[in-house]
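Biologist: I would like a close look at a single part of this model, namely the sheet region and the contacts that its strands make. Please take me through it slowly, with the numbers, as I usually work with force fields rather than folds.

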Amino acid sequence: MKFSQRFAYYLVGLVIGLFFVGIVFSGKDTRCNYFPNARVLNNLRNKPFHYSEKASHILTEKWVDTADIKNSLKFGDVDFDKSNIEFKKGKLYVIEGKTVKNQEIILKVINYENKAVLDDIIKIEKK
């Protein structure tokens, strides 16, 4: 069998395989969260999200917004040295993020089994 014939068979098989893979994954909400940071942030975003009394008070100060919180939960970095600690019957996660005005913030989120609670918002002062 010539190389061109083998290559043609290969391409036909590849196209058929890609077609079936496309069918299998087209209707599903699949994510590739392989790294710990992405997995934690995805877990916190997919749960019902609540605000503590302290966090609600800080949000009324207008230097931080709920959009900033959502962006930090999507693009932030989890500080694992300070995170994954048992706290109030849940696990505390410390997330470093930024506001729309490029102000650095730290979010302290308690991850319960059925919900996530934003416990505190800390503004990082630039030196």
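Modeller: Happy to! A residue counts as buried when its relative accessible area is under 20%, as exposed when the value is over 50%, and as partly exposed in between. D79 has a relative accessibility of 17%, so D79 falls on the buried side of that cut-off. Please keep in mind that what you see is a predicted model.

Let us start with strand β5, which spans residues 104-111. Six of the eight residues in β5 are buried, so the strand is mostly covered by the definition above. On one side, β5 pairs with β4 (residues 90-98); the two strands run antiparallel and are joined by eight bridges. One position to click on is K91, which has N111 of β5 opposite. The hairpin of β4 and β5 has five residues between its strands. N102 belongs to that loop, and its phi is positive, about 65 degrees, although N102 is not a glycine. That is worth a glance on your Ramachandran plot, because most residues other than glycine have a negative phi. As for cover, N102 is partly exposed, at 42% relative accessibility.

On to the pairing of β5 with β6. Strand β6 covers residues 116-123, and seven bridges join it to β5, again in an antiparallel arrangement. Here V109 is the residue that stands opposite L118 of β6. A hairpin of four residues makes the connection from β5 to β6. As you follow these strands, recall that side chains in a regular strand alternate between the two faces of the sheet.

What packs against these strands? Helix α2 (36-45) is part of the reply: its buried residues are V40, L41, N42 and L44. Together they pack against β1, α4 (66-75), β2 (77-78), β4, β5 and β6. After α2 comes a loop leading to β1 (49-51), and P48 lies in that loop. P48 is partly exposed, with a relative accessible area of 45%. Leaving aside residues up to four places away in sequence, P48 touches N114, K115 and A116. A116 is part of β6, which begins at residue 116.

Now for the charged side chains. The count of salt bridges comes to three. In one of them, the side chains of K54 and D120 meet at 3.3 Å, N to O. K54 sits in helix α3 (residues 53-59) and D120 in strand β6, so this salt bridge ties together parts that are 66 residues apart in sequence. D120 is buried, with a relative accessible area of 9%.

Another salt bridge joins K88 and D119, with 3.8 Å between N and O. This pair also links distant parts of the chain: K88 is in the loop between β3 (85-87) and β4, D119 is in strand β6, and their positions lie 31 residues apart in sequence. The partners have contrasting cover: K88 is exposed at 54%, whereas D119 is buried at 16%. If you choose protonation states or charge models, these are the values to have in view.

D79, where we began, meets K82 in a salt bridge of 3.7 Å, N to O. K82 is partly exposed, at 48% relative accessibility.

The loop between β3 and β4 also holds K89. Like N102, K89 is not a glycine and has a positive phi of about 65 degrees. K89 counts as exposed, at 83% relative accessibility.

Finally, some rings. There are four aromatic pairs by the count. One of them is F49 with Y51: the ring centres are 5.5 Å apart and the planes meet at 80 degrees, so the pair is edge-to-face. Both rings belong to partly exposed residues, F49 at 24% and Y51 at 31%.

How values were computed:
Residues are numbered from 1 along each chain as its sequence is written. This is a predicted model: local features need pLDDT of at least 70, side-chain atom pairs count only at pLDDT 80 or more; totals for chains, interfaces and linings use all residues. Side-chain values use heavy atoms; hydrogens and water are left out. Buried means under 20% relative accessible area, exposed over 50%, partly exposed in between (1.4 Å probe, protein chains only). Contact means heavy atoms within 4.5 Å. Two strands pair if DSSP finds at least two bridges between them. A salt bridge is a side-chain nitrogen of Lys or Arg within 4 Å of a carboxyl oxygen of Asp or Glu. Rings of Phe, Tyr and Trp (its six-membered ring) pair if their centres lie within 6.5 Å; planes under 30 degrees apart count as stacked, over 60 as edge-to-face and the rest as tilted.
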